[in-house]
Amino acid sequence: MDELIAVAGKVAERLIARKQTIAVAESSAGGLIAAALLAVPGASAYFLGGAVVYTRDARRVLMDIPDEAMKGIRSASEPYAELLARQIRTRFATDWGLSETGAAGPTGNRYGDAAGHACFAVSGPASAVVTLESGRSDRAANMQLFAKSALQLLLTKLAE
């Protein structure tokens, strides 16, 4: 967790300096992204909320994304990560939205993605979406990697 908090600290510094806010929608990281951001003292200045969107029901209830909006989009994909980042940003009226969706392991998901597959998206003044393939089946290690990778992606966008 120390590595996550170190990256989150850098994110926090930039958000506070810019007087900007963020909300997070994560899946396979299981809340680690939000936990890292909240572990930094002063988080109330920039962190407005988050959701662990692990199931279809969570997507509908927490994110207000109906099944119809998912036509042609599958979970654990770049389009879905972008949708989550935009939606969490809109729902919390933040400057930034950050999302993660993937397959932590030890097996892959029903869409054919191997364990260690994740997609991340940033929505805000700068946007980005990336896919990561860790090649590992270690669930806990992948969760940590997913959280760190999402925070690092956000950090790069905050530097622009």
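**Figure 1. An aromatic pair in a predicted model.** Two aromatic rings count as a pair if their centres lie within 6.5 Å, and planes over 60 degrees apart make the pair edge-to-face. The model shown here is predicted. A search of the whole structure finds one aromatic pair. Its members are Phe-120 and Phe-146, with ring centres 6.4 Å apart and planes at 70°, so the pair is edge-to-face. Phe-120 sits in strand β4 (residues 117-123). Phe-146 belongs to helix α5 (residues 139-158). The two are 26 residues apart, and the pair links distant parts of the chain. Phe-120 is buried, at 1% relative accessibility. Phe-146 is also buried, with a relative accessible area of 0%.

**Figure 2. Helix α1 and what covers it.** Helix α1 spans residues 2-18, 17 residues in total. From its first C-alpha to its last it reaches 24 Å, close to the 24 Å expected at 1.5 Å a residue. Which residues of α1 are buried? They are Leu-4, Val-7, Ala-8, Gly-9, Val-11, Ala-12 and Leu-15. The cover over these buried residues includes β1 (22-26), α2 (32-38), β3 (96-103) and α5.

**Figure 3. Lys-19, just after α1.** Lys-19 follows directly on helix α1. The residue lies in the loop between α1 and β1. Its phi is near 55°, a positive value in a residue other than glycine. Is Lys-19 buried or exposed? At 73% relative accessibility, Lys-19 counts as exposed, because the exposed class starts over 50%.

**Figure 4. Ile-33 and its contacts.** Ile-33 is part of helix α2. Its relative accessible area is 0%, so Ile-33 is buried. Leave aside neighbours within four places in sequence, and Ile-33 is in contact with Val-24, Glu-26, Leu-98, Glu-100, Ala-147, Ala-150 and Leu-151. Take Ala-150 from that list. Ile-33 and Ala-150 are 117 residues apart along the chain, yet 7.6 Å separates their C-alpha atoms.

**Figure 5. The largest pocket.** The largest pocket holds about 510 Å³ of space. Its lining has 25 residues. Closest to the pocket centre are Ser-27, Tyr-54, Ser-75, Arg-110 and Tyr-111. Two elements, α3 (56-63) and β3, give two or more residues to the lining. β3 gives the most, with three residues. What kinds of residue make up the lining of the largest pocket? Nine are nonpolar, 10 are polar and six are charged.

**Figure 6. Ala-76, between two helices.** Ala-76 lies in the loop between α3 and α4. Ala-76 is not a glycine, yet its phi is positive, at about 60°. With 2% relative accessibility, Ala-76 counts as buried.

**Figure 7. Gln-87 in helix α4.** Gln-87 is located in helix α4 (residues 78-92). Why does Gln-87 count as buried? Its relative accessible area is 19%, and buried means under 20%, so Gln-87 falls in that class. Beyond its neighbours within four places in sequence, Gln-87 is in contact with Met-63, Asp-64 and Ile-65.

**Figure 8. A cis peptide bond.** The peptide bond from Gly-105 to Pro-106 is cis. Its omega is near 10°. Where is Pro-106 found? Pro-106 is in the loop between β3 and β4.

Key: Residues are numbered from 1 along each chain as its sequence is written. This is a predicted model: local features need pLDDT of at least 70, side-chain atom pairs count only at pLDDT 80 or more; totals for chains, interfaces and linings use all residues. Side-chain values use heavy atoms; hydrogens and water are left out. Rings of Phe, Tyr and Trp (its six-membered ring) pair if their centres lie within 6.5 Å; planes under 30 degrees apart count as stacked, over 60 as edge-to-face and the rest as tilted. Helices (H or I, at least four residues) and strands (E, at least two) are DSSP runs, numbered from the N terminus. Buried means under 20% relative accessible area, exposed over 50%, partly exposed in between (1.4 Å probe, protein chains only). The expected span of a helix is 1.5 Å times one less than its number of residues. Contact means heavy atoms within 4.5 Å. On a 1 Å grid over the protein atoms alone, a cavity is a set of points where a 1.4 Å probe fits but cannot get out, and a pocket is an open set with protein on both sides within 12 Å along at least five of seven lines; lining residues have an atom within 4 Å of a point. Grid points are joined across faces, edges and corners, and a volume is the space filled by probe spheres set on the points. Ala, Val, Leu, Ile, Met, Phe, Trp, Tyr, Cys and Pro count as nonpolar, Asp, Glu, Lys and Arg as charged, and the others, Gly among them, as polar.
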